[in-house]
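Dear colleague,

I am handing over the structure we spoke about, with the sequence beside it, and below it I have written out what was found. Please keep it open while you read, so that each residue can be looked up as it comes.

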Amino acid sequence: PASPLSPYAVSKHVGEQYCAVFHRIYGLPTVSLRYFNVFGPRQDPEGAYAAVITRFVRAILRGERPLIHGDGEQTRDFNYVDNVVQANLKACTAPDAALGEVMNIGGGKRISLNDLTRRMLALLGSDLEPDYGPPRPGDVRDSLADVSKARRLIGYEPGVDVLDGLGRAIGWYRDNLG
């Protein structure tokens with residue numbers, strides 16, 4: 001059973017439920033995709049739900065210490081934008097078994113914020129140390145997308161992992177976020 005921890009999570013859950021009900025009652029073909037921590041080129045680092053990767057890279061490029069909320073050992077499943085595009089295209093031609101369903105779309109692996117930050121610092125050639133602040137209310141400690149349902153129903157397979165995605169995105173970030 002769902003137990004959302006933030007207003008943002010509640011709004012996502014309600015949207016998924018609307019889609020399922022419209023499919024069940026009216027036959028509207030819907031597929032709900034739950035994106036896990038999407039990042040990539042052209043992502044805006046502003047806003048309450050801006051990707052941590054984009055924010056951290058911008059801070060590092062400006063010579064500022066990235067701010068980690070909590071101890072940094074919390075883990076996330078970061079998902080490069082190409083994986084999301086693939087999932088969206090597959091959902092557009094989803095078989096009947098997928099209609100009205102909710103699926104996780106993630107990279108299928110998790111990494112701690114400390115490890116992620118070390119990788120970004122290395123890729124950007126920086127020796128900055130992160131700053132640590134209090135944990136944010138409503139943040140989950142660890143997240144990992146179980147993509148088995150998306151794999152089974154629409155043939156989703158994450159093709160770009162977080163480290164390869166970082167390598168692909170860093171050039172754009174360097175040119176546009178500094």
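Just after helix H1, Gly27 takes a positive phi of about 75°. Please bear in mind throughout that this is a predicted model. H1 itself runs over residues 7-26, which makes 20 residues, and from its first C-alpha to its last it reaches 28 Å, close to the 28 Å expected at 1.5 Å a residue. A second glycine can be read alongside Gly27: just after helix H2, Gly63 has a positive phi of about 80°.

Most residues other than glycine have a negative phi. With that in mind, two further residues deserve a look. Asn37 is not a glycine, and yet its phi is positive, at about 40°; this residue is found in the loop between strand S1 (31-35) and strand S2 (38-39). Because its relative accessibility is 30%, and partly exposed covers the range between 20% and 50%, Asn37 counts as partly exposed. Arg42, which is not a glycine either, has a positive phi of about 70°, and its place is in the loop between S2 and helix H2 (52-61). Its relative accessibility is 65%, and since anything over 50% is called exposed, Arg42 counts as exposed.

The next topic is H2. Is this helix largely enclosed by the rest of the structure, or largely open? Seven of its ten residues are buried, so H2 is largely enclosed by the rest of the structure. The buried residues are Ile53, Thr54, Phe56, Val57, Arg58, Ala59 and Ile60, and what covers them includes S2, strand S3 (67-69), H4 and H6.

Of these covering elements, H6 can be followed in detail. H2 and H6 pack with their axes 11 Å apart and at an angle of about 50°, which lies outside the ranges for roughly parallel (under 35 degrees) and roughly perpendicular (65 to 115), and therefore the two helices are oblique to each other. Their crossing is right-handed. On the H2 side the contact is made by Ile53, Thr54, Val57 and Leu61, and on the H6 side by Val162, Leu166, Ile170, Tyr173 and Arg174. Sorted by class, the residues of this contact divide into seven nonpolar, one polar and one charged.

Helix H4 (residues 113-123) also packs on helix H6 (residues 162-176), where the axes come within 11 Å and cross at roughly 45°, which makes H4 oblique to H6. H4 passes H6 in a right-handed crossing. Here Leu116, Arg119, Met120 and Leu123 in H4 meet Val162, Leu163, Leu166, Gly167, Ile170 and Arg174 in H6. By class, this contact of H4 with H6 has seven nonpolar, one polar and two charged residues. If you compare the two lists, you will find Val162, Leu166, Ile170 and Arg174 of H6 in the contact with H2 and again in the contact with H4.

One last residue of H6 may be useful for practice. Asp164 lies in that helix, and, because its relative accessibility of 35% falls between 20% and 50%, Asp164 counts as partly exposed. Asp164 and Leu121 are 43 residues apart in sequence, while in space they are 15 Å apart, C-alpha to C-alpha.

With best wishes

Definitions and conventions: Residues are numbered from 1 along each chain as its sequence is written. This is a predicted model: local features need pLDDT of at least 70, side-chain atom pairs count only at pLDDT 80 or more; totals for chains, interfaces and linings use all residues. Side-chain values use heavy atoms; hydrogens and water are left out. Helices (H or I, at least four residues) and strands (E, at least two) are DSSP runs, numbered from the N terminus. The expected span of a helix is 1.5 Å times one less than its number of residues. Axes are lines fitted to C-alpha atoms, for helices over the stretch in contact, and angles run from 0 to 180 degrees between N-to-C directions. Angles under 35 degrees count as roughly parallel, over 145 as roughly antiparallel, 65 to 115 as roughly perpendicular and the rest as oblique. A crossing is left-handed if the near helix is turned anticlockwise from the far one by less than a right angle, and right-handed if clockwise. Contact means heavy atoms within 4.5 Å. Ala, Val, Leu, Ile, Met, Phe, Trp, Tyr, Cys and Pro count as nonpolar, Asp, Glu, Lys and Arg as charged, and the others, Gly among them, as polar. Buried means under 20% relative accessible area, exposed over 50%, partly exposed in between (1.4 Å probe, protein chains only).
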